[in-house]
Amino acid sequence: MILNYIRSSPNLTVFLLVVFGALSKVFMKFQTIPMYNYPQTVNLVINIRNVILTTIVILLNRVKEYMQIRRENIANEHSGEQTNILEYMRSTMRWASNKDIILIGFLDAFTLIMLVFANTYLPGNLVVLLSQVIIPVSLIIDRILKKQHGHDNRKYIGAILIVLGLTVTIASIGAGADKECVAVVNIDENCSFCEDFSDEMSCEKTRDQETGDSLCEWKKDSDTYNGQQHWSFAMVIIGFSTYASTYYKAKFITRTALGDPEQSIAFESPVYFFGWISRWQLVFAVMFTPMFRWVHEPEIDFVDVPSNVGDGFQCLFGTNSIEDTCNPDECGHGALTYINLFLLFNLVYNILVYTVIEVPGSDDVIWFAMTIIIPICNITYNIPGIPDERVPSASNIVSLLLVVGGAVLYRKSEYWDSVFKGLRSRNDNSEISTTDPLLGVSGHDITTVGTLAHCEATRRESISMCVTGF
């Protein structure tokens, strides 16, 4: 009943998507702050959560379906119309090991672990902006593959603005940063020692008693800023994997829902679909855990991967394991709280997206909400006292304006024409549609429930929101 009410109220839908979408993105960063040394653990926790929740919902649905079929069989006992319960249950499982499901699980596992590492090593406001790389990436791929023709020129202008904004973002990393006392010898052992010096003279006087070499140097922390630039470019790779994942999801849903009515029975609830994906995603997440030790900062040895993951689970409950390094554990600072809040907000956000995704015009709701989320998240990181607080800079403001402006032009450029046309119609006292225009952005009637996959391109763009929302 609640979900039906949300479907029928466009303004409420936008509000909830903005609130929980922004909270999901912000707490994605917050959870990595106390878990800085354990990104693999964070990734595994998210995947385990997905499997547990989808399994519970699927089991509850199975019980409900079983009881309903039994009642129907009893009612139709004399007519001879009986439904084979086991055959029905098998029909909902026929795609569990489908090669497309496995491929989507692989792509989602790769995308998620990359996003966890990016959120760990990048400032939160940069992650929000850089996640918009999916827009020019999708436009380029569609253009190369010639899957969509006749793009509005404003879509290209919007993509160009986003690229310019992201270029400003990456180029400004480390620009204007103050010099500090940085360890140059035995970095892990001396970084805390060097950080205690706040002026150049005292910093440069530090010497190794045996060799006489300088332990510290007064300079910019170039290693940190170089790492941030590398992860900024890695967000482009995430954009490609996100596109591939959402493309195959949309293609699979469209093919099964429209191709064979008997096969679409498995998609009465999208939980089945994403439940199967989450299982394969967890399998690949476990496989990726030792592989991604090379991108861990600092790199960890293969034999230390299990202990690192184990220490990460201990960190969730406030136990510090890594000390006397450049990034000692701070597990007591809300590690379990942040990760539980992220899991909650992300779950609600995904439910909202897949609740309204079946509604014609829902792509307008989702993309309009997503555009608003960008500045809201950036403003959040400027609030004093907030975790990962950032001081707003001119480059950040310029890049934010470029990215938001590009997103508005790209996502629904054609709808601005309908908005202006509607305003002119009002001035001319013309007949106006009685449908709720979704805050003036969309003229579609969101209250009309449609098929699960009415348009492959629209479905792909809408589904991508759940992936980039991690």
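The largest nonpolar core of this predicted model holds 75 residues, and W231, M235 and I374 touch the most other members. Helix 14 (residues 335-356) is the element that gives the most to this core, contributing ten residues. A second core, separate from the largest one, has eleven residues, including I104, F252, W276 and Y354. In soluble globular proteins, nonpolar side chains tend to be buried together.

The surroundings of I374 can be listed. With neighbours within four places in sequence left aside, I374 is in contact with V128, L129 and Q132, and also with L400, V403, V404, A407 and R411. I374 itself is one of the three residues that touch the most other members of the largest core.

**Helix packing**

Two packed helices are described by the angle between their axes and the distance between the axes. Helix 3 (residues 39-75) and helix 13 (residues 305-316) have axes that come within 8 Å and cross at roughly 70 degrees. Angles of 65 to 115 degrees count as roughly perpendicular, so helix 3 is roughly perpendicular to helix 13. On the helix 3 side the contact is made by Q40, T41, L44 and V45. These residues meet N308, V309, G312, F313 and L316 of helix 13. By type, the residues of this contact are five nonpolar and four polar, with no charged residue.

**Salt bridges**

Side chains of opposite charge can pair when their charged atoms come close. Three salt bridges are found in a search of the whole structure. The table gives the partners and the N to O separation.

| Basic residue | Acidic residue | N to O distance |
|---|---|---|
| K249 | D108 | 2.9 Å |
| R293 | E299 | 3.9 Å |
| R390 | D388 | 2.7 Å |

The salt bridge of K249 with D108 joins two helices: K249 lies in helix 11 (residues 222-259) and D108 in helix 5 (residues 99-121), so the pair ties together parts that are 141 residues apart in sequence. Both partners, K249 and D108, are buried.

In the salt bridge between E299 and R293, the closest N and O atoms are 3.9 Å apart. E299 has 48% relative accessibility and counts as partly exposed. R293 is buried, because its relative accessible area is 13% and the cut-off for buried is under 20%.

The side chains of R390 and D388 also meet in a salt bridge. R390, at 30% relative accessibility, is partly exposed, whereas D388 is buried, with a relative accessible area of 17%.

**Two loop residues**

D388 is found in the loop between helix 15 (362-380) and helix 16 (394-427). The phi angle of D388 is near 60 degrees, which is a positive value in a residue other than glycine. This loop residue thus combines a positive phi with burial at 17% relative accessibility and a salt bridge to R390.

N186 lies in another loop, the one between strand 1 (180-183) and helix 9 (187-195). Its relative accessible area is 47%, so N186 is partly exposed. The C-alpha atom of N186 is separated by 9.9 Å from that of C216, a residue 30 places away along the chain.

Definitions and conventions:
Residues are numbered from 1 along each chain as its sequence is written. This is a predicted model: local features need pLDDT of at least 70, side-chain atom pairs count only at pLDDT 80 or more; totals for chains, interfaces and linings use all residues. Side-chain values use heavy atoms; hydrogens and water are left out. Axes are lines fitted to C-alpha atoms, for helices over the stretch in contact, and angles run from 0 to 180 degrees between N-to-C directions. Helices (H or I, at least four residues) and strands (E, at least two) are DSSP runs, numbered from the N terminus. Angles under 35 degrees count as roughly parallel, over 145 as roughly antiparallel, 65 to 115 as roughly perpendicular and the rest as oblique. Contact means heavy atoms within 4.5 Å. Ala, Val, Leu, Ile, Met, Phe, Trp, Tyr, Cys and Pro count as nonpolar, Asp, Glu, Lys and Arg as charged, and the others, Gly among them, as polar. A nonpolar core is a set of buried Ala, Val, Leu, Ile, Met, Phe, Trp, Tyr and Cys residues joined through side-chain atoms within 4.5 Å. Buried means under 20% relative accessible area, exposed over 50%, partly exposed in between (1.4 Å probe, protein chains only). A salt bridge is a side-chain nitrogen of Lys or Arg within 4 Å of a carboxyl oxygen of Asp or Glu.
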